[in-house]
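User: Please take a close look at one part of this model, in connected prose, and then work outward from there to the rest. I would like the reasoning spelled out where a cut-off decides the matter.

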Amino acid sequence: METKKIPTRNGFGEAIVELGKENKDILVVDIDIGKSCKTGEFRKQLPEQYINVGIAEQNGAGVAAGLATCGKIPVVVTYAAFGSMRICEMIRQEICYPKLNVKIACSHGGVTPANDGASHQAIEDMGILRTIPNMTVIMPADYASAKALVKKAAAYEGPVYLRFTRDAVPVIYGEDEDFEIGKAKRLRDGGDVAIIANGDTVCLALQAAEALAAQGLQARVLDMHTIKPLDNQAVAACIDEIGKIITVEDHNILNGLGSAVAEVIAEAGKGRLKRIGIQDQFGQSAPYQRLLEMNGITVENIVALAQSQW
Amino acid sequence: MDQKELTALKDKATELRIRVIDMIWKAQSGHPGGSLSVADFMTACYFHFMRVDPQNPRWPDRDRFVLSKGHVCPAQYAALAMKGFFPMEALDTLRKEGSMLQGHPSMNKCPGIDISTGSLGQGFACGVGMAMAGKMDGKDYRVYVAVGDGECQEGEIWEAAQTAHKYKLDNLVVFVDNNGLQLDGTTDEVMPNIDLGKKFAAFGFDTYEIDGNDMEQVVAALELARVVRNGRPKCVYAHTVKGKGVSFMENQVGWHGVAPNDEEYKQAMEELKALYIEKEA
């Protein structure tokens, strides 16, 4: 099957222009990597709403907080490694604590910065930010959902962290698909195993489900685009109706989607879980697909886990 | 400003200092030294320069105050109470459970606080964002930011400074409370700042170097900062005395974050009350 592939950062870049045209209070706060993060069109079409603070992430977060106190909706744009960890405490102190209406929109999530190496691969970001009160953490699975979720995030009053891919990933959704922050998308249903994925691994989960179906195993596939607030009900339904759950994520297996799901399962006192994700190790310069393979984030691995007894 | 107004403003600063020491003594916790060094600037802002409405603390056209050195919030809390943002009795709840007067300012708890601060180096950038929003919206409000000299060791201060220059924020005033002391010692011992006035000037600020505990000089500098609209942000590089007004606290590193005991409180009150020029109201 031939599927169209588009980086999710492109979805962000297009959505932010549409949003900016509709609402002059939507601002982009760039930190000198706007070109890579797809804010070029916004800069060109809406120069009055465009700010570039230079290579100064901390300042970008602070300026955004100040703008938000004056009714603006600033979108701080950078790479995920910097937009989460470099400015973690500014996000906590000046954005989340006062619950200001600032969006942090980051490209280069997970290992998608690939050949840039470990310094640029963000494998801890979503986990770190989900532990900050008032923060919402989202990673869309494809181009269309990126566009839709950026618009939902802009309409939501409060801090949101959005994470996109540098690399092209298959388009899963139609352009008119509706999304709700904090509500998982059930992309496929089945009673033998539940595969809960987010971001660039949702397409792997879908391919795995297809392969499993060919062997007579039916998998439920959830796109858990929001890891905070987590869709606890969707996880609970997987526990009650299926029991066997696999999480897949382009993020460290510590503190990301797998951990969030594990928390629900542990408190439920039932359900079984296996986590697929970055194996608590730094990456290296290598092709994106190879980096996923090095961590066992592959269709084959999902299929093998689903088939095995545990 | 005539002599009568100046005298009234000096007495306001004395009242503010008294309230600072009183609330820190009652809380048995807080930062008296820096609260006293910034007191004259705080007073000049709230009782002469800033357009604020205590009945409407989030009035969009108000002037903003950012206490980047958030630990000296007793000075701002006193000013806000004296201005009528909340009842004076609230000052007795400083740092207590359930209080709107948190150990470091919280904008969603305390009316009149324009941004939550407390982690040093961060407030200035927020002030830059506020000034930028004012320019974008064609509003003529001003943003006053107080930073500590020790705080200027944080890199984010300079990131914010270069942004203020780039965006020509002549509606922004940063007051550098240059009291020469920080928690672990003198700034010269811990990390020499060399000349913060020259640093801000090099970053494109119009810089006014003054005695920050001389009300006449504070008012004159802020008046200049108010009227000169030349596309350059303003810096008031103010030499101040940490603990100003209480003899045993002045220039003492140890009074950075310690509350006075009963005896010290009594002496501090006597000394501060003696500073009133007109009779106490």
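Analyst: In this predicted model, Thr14(B) has a relative accessibility of 5%, and because the limit for a buried residue is under 20%, Thr14(B) counts as buried. The residue sits in helix 1 of chain B, and, once residues up to four places away in sequence are set aside, Thr14(B) touches Leu272(B), Leu275(B) and Tyr276(B).

Leu6(B) belongs to helix 1 of chain B as well, a helix that runs over residues 3-27. With a relative accessibility of 4%, Leu6(B) is likewise buried. Apart from neighbours within four places in sequence, the contacts of Leu6(B) are Met1(B), Met215(B) and Glu216(B). Of these partners, Met215(B) is separated from Leu6(B) by 209 residues in sequence, yet the two C-alpha atoms are 7.5 Å apart in space.

Helix 1 also enters the surroundings of another helix of the chain, for what covers the buried residues of helix 4 of chain B includes helix 1, together with helix 2 (32-37), helix 3 (39-49) and strand 1 (64-67) of chain B. Helix 4 of chain B, residues 73-83, is mostly covered, with 10 of its 11 residues buried. Those buried residues run from Cys73(B), Pro74(B), Ala75(B) and Gln76(B) through Tyr77(B), Ala78(B) and Ala79(B) to Leu80(B), Ala81(B) and Met82(B). After helix 4 of chain B comes Gly84(B), which has a positive phi, near 100°.

Moving outward to the partner chain, 30 residues of chain B are in contact with 26 residues of chain A. The two chains bury about 2,100 Å² between them, and 53% of that area is on carbon and sulfur atoms. On the side of chain A, Cys70(A), Glu94(A) and Tyr97(A) supply 23% of the area buried against chain B, more than any other three residues.

As for specific pairings across this interface, the count of salt bridges between chain A and chain B is one, and it joins the side chains of Lys72(A) and Asp137(B), with a nitrogen-to-oxygen distance of 2.5 Å. Counting pairs in which both residues are at pLDDT 80 or more, 11 residue pairs are in polar contact between chain A and chain B. The side of chain A that touches chain B draws at least two residues from each of strand 3 (50-52), helix 4 (57-69) and helix 6 (88-96) of chain A, and helix 4 of chain A gives the largest share of that side, nine residues. By residue class, the side of chain A that touches chain B is made up of 13 nonpolar, seven polar and six charged residues.

The cysteines deserve a separate word. A search of the whole structure finds zero disulfides over all chains. For Cys37(A), the nearest cysteine sulfur belongs to Cys106(A), at 7.3 Å; because a disulfide needs two cysteine sulfur atoms within 2.5 Å, Cys37(A) is in none. Cys37(A) is buried, at a relative accessible area of 1%. Cys96(A), also in no disulfide, has the sulfur of Cys88(A) as its nearest cysteine sulfur, 8.8 Å away. Cys96(A) is buried too, its relative accessible area being 1%.

Methods
Residues numbered from 1 in each chain as written. Chains lettered and ligands numbered in written order. Predicted model: local features only at pLDDT ≥ 70, side-chain atom pairs only at ≥ 80, totals over all residues. Heavy atoms only, no water. Contact = heavy atoms within 4.5 Å. Buried area = accessible area lost by both parts, 1.4 Å probe. Salt bridge = Lys/Arg side-chain N within 4 Å of Asp/Glu carboxyl O. Polar contact = N/O pair within 3.5 Å; in protein donor to acceptor, adjacent residues only side chain to side chain. Helix = DSSP H or I, 4+ residues; strand = E, 2+ residues; numbered from the N terminus. Nonpolar A, V, L, I, M, F, W, Y, C, P; charged D, E, K, R; others polar. Buried < 20%, exposed > 50% of the residue type's maximum accessible area, 1.4 Å probe, protein only.
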